[in-house]
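Visitor: I am new to this structure. Please choose a single part and describe how its pieces pack against each other.

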Amino acid sequence: MELADIIIKFILVVIIFAISLVIAMYSTYAERKLAAFFQDRVGPNRAGPWGILQPLADGGKMFLKEEIIPTNSSGFLFIVGPALAIMTACIGSAVIPWGQRLTIGNHVIDLQVADINVGILYIFGVVSLGVYGIMIGGWASNNKYSLLGAIRAASQNISYEISMGLSIIALLLVTGTLSLREIAEQQHGFWANGWFTWNFFKQPLGFLLFIVCAFAETNRSPFDLPECETELVGGYHTEYSSMKLGFYLFAEYINMFISSAVMATLYFGGYNFPFMDMIHSPNLVTILGVVFLFAKIFAFIFFFMWVRWTIPRFRYDQLMDLGWKSLIPLAIFNILITAVWITFIRG
Amino acid sequence: MEPLSNKRKEVNNKPLNFMERSYLPAIAQGLAITMKHFWKKPVTISYPEERREFSENFRGMHSLKRDEQGRERCTACGLCALSCPAEAITMIAAERQKGEENLYREEKYAAVYEINMLRCIFCGLCEEACPKEAIYLDGDFVPSDYLRKDFIYGKDKLVEAPLNQ
């Protein structure tokens, strides 16, 4: 690898990192604003025009808050918890293809940090690591409510990871590859050979299962039991304050962004958009592709928030019922149908 | 038995069918409802910039009135304090001295007149009780403050501004 390539990769990493942090930051603002709109309110509108500086004010507040480490907490693990949560949230973005190739002079820039051939497995691994941040934080707090929240988070993530994995298997049967780049390439354009190219139209049930599991994996409402404040005070982060709490909240929003990106890439064509073959400048296609990918991601984030302000939280036993008794059988059924379709119809 | 209203609804416990158990139709319905609200105009008033219009008989902060010649009407009879169900009003009466005829209309006046705005329930009974038409609840609402003692309003805040000033 040449030096120039390394520098380009480095810049790409920094840009993606910055973008995910900014999006997570403004997701908090969007969440509050959308919550207000859904409830016939105005929302934050005092910090800057339309309250646009609200995330900065919140961030400043978080930094200036007193740092409290409970006496009976396990000191080191107490700090590792939020660090792990935000780290696993951030590294998920490494394998997502943000666009096609950009040609500047004689350099071809791949808008993806690492095109590894087991991209989906990598995402899965990172997502499963994410629960350790919550688990360790809840355990290290030495507080029964934190621990209960952490246990809920762990069992919920484990249960829903199964059906998520099963719904992905059906998708992999269709695509025949684990590389996210290749999956995105396969969904080129919008319409080919008499059917939509996007995987959503080949795997509607799989997508439904995946999005339900994504809600559970990111601990978003209606599956936000780990931080269910009516039962558990603040959930796993009850004892946290200052920027350590900020990291937990931030990690949740980054997770939401990454899972939106994964859903857009796996099921909604990633950076592909209709009529992309009619534009002949490859660089323009790439840039438009990035814009379309982000539009899809924002649509998913909007959907996450829309659902949050619509559906009440599941009860714990209902959550387990849904995961084990409905989603897993449905996912297996989906695999079966897909396999039959591939063997006998697609040939 | 004859129902009191026709709003009675029979409750049934029949088990959910397959579609209902999948929650999806109900979720879609809920999403449609919230989306309807998304496009509605907010009902919020941005308070310091915008203000809601008061009704004509709104009862706000009290003011002690003056007559046509700018003299205080209050004669410190104490009927307002007596009528007050919240016991918010206290006063100390004083006799009008020679040369003060242009300040006080009656021979007796309130040297100290205090209303505790934290006790006041803005019922308007003081204004009904007043025989001299000296007190009216025609002001704005009472502004917020930091200390309890600052909510005890004396004559400096209650008496109307003099006529030609």
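Guide: An axis here is a line fitted to C-alpha atoms, for helices over the stretch in contact, and angles run from 0 to 180 degrees between N-to-C directions. Helices (H or I, at least four residues) and strands (E, at least two) are DSSP runs numbered from the N terminus. The model is predicted: local features need pLDDT of at least 70 and side-chain atom pairs 80 or more, while totals for chains, interfaces and linings use all residues. Residues are numbered from 1 along each chain as its sequence is written, and chains are lettered from A and ligands numbered from 1 in the order in which they are written.

The part chosen is a helix pair in chain A: H4 (residues 119–140) packs with H5 (residues 144–175) at about 170 degrees, their axes 7 Å apart. H4(A) and H5(A) are therefore roughly antiparallel, a term for angles over 145 degrees. Residues are in contact when their C-beta atoms, placed from the backbone, lie within 7 Å. On H4(A), those making the contact include A:Phe124, A:Val131, A:Met135 and A:Trp139; on H5(A), A:Leu147, A:Ala153, A:Asn157 and A:Ile168 are among them. By class, this contact has 11 nonpolar, 7 polar and 1 charged residues, where Ala, Val, Leu, Ile, Met, Phe, Trp, Tyr, Cys and Pro count as nonpolar, Asp, Glu, Lys and Arg as charged, and the others, Gly among them, as polar.

For context, chain A also touches chain B: 11 residues of chain B are in contact with 10 of chain A. The chain B side divides into 5 nonpolar, 5 polar and 1 charged residues.

Conventions
Two residues are in contact if their C-beta atoms, placed from the backbone, lie within 7 Å. Angles under 35 degrees count as roughly parallel, over 145 as roughly antiparallel, 65 to 115 as roughly perpendicular and the rest as oblique.
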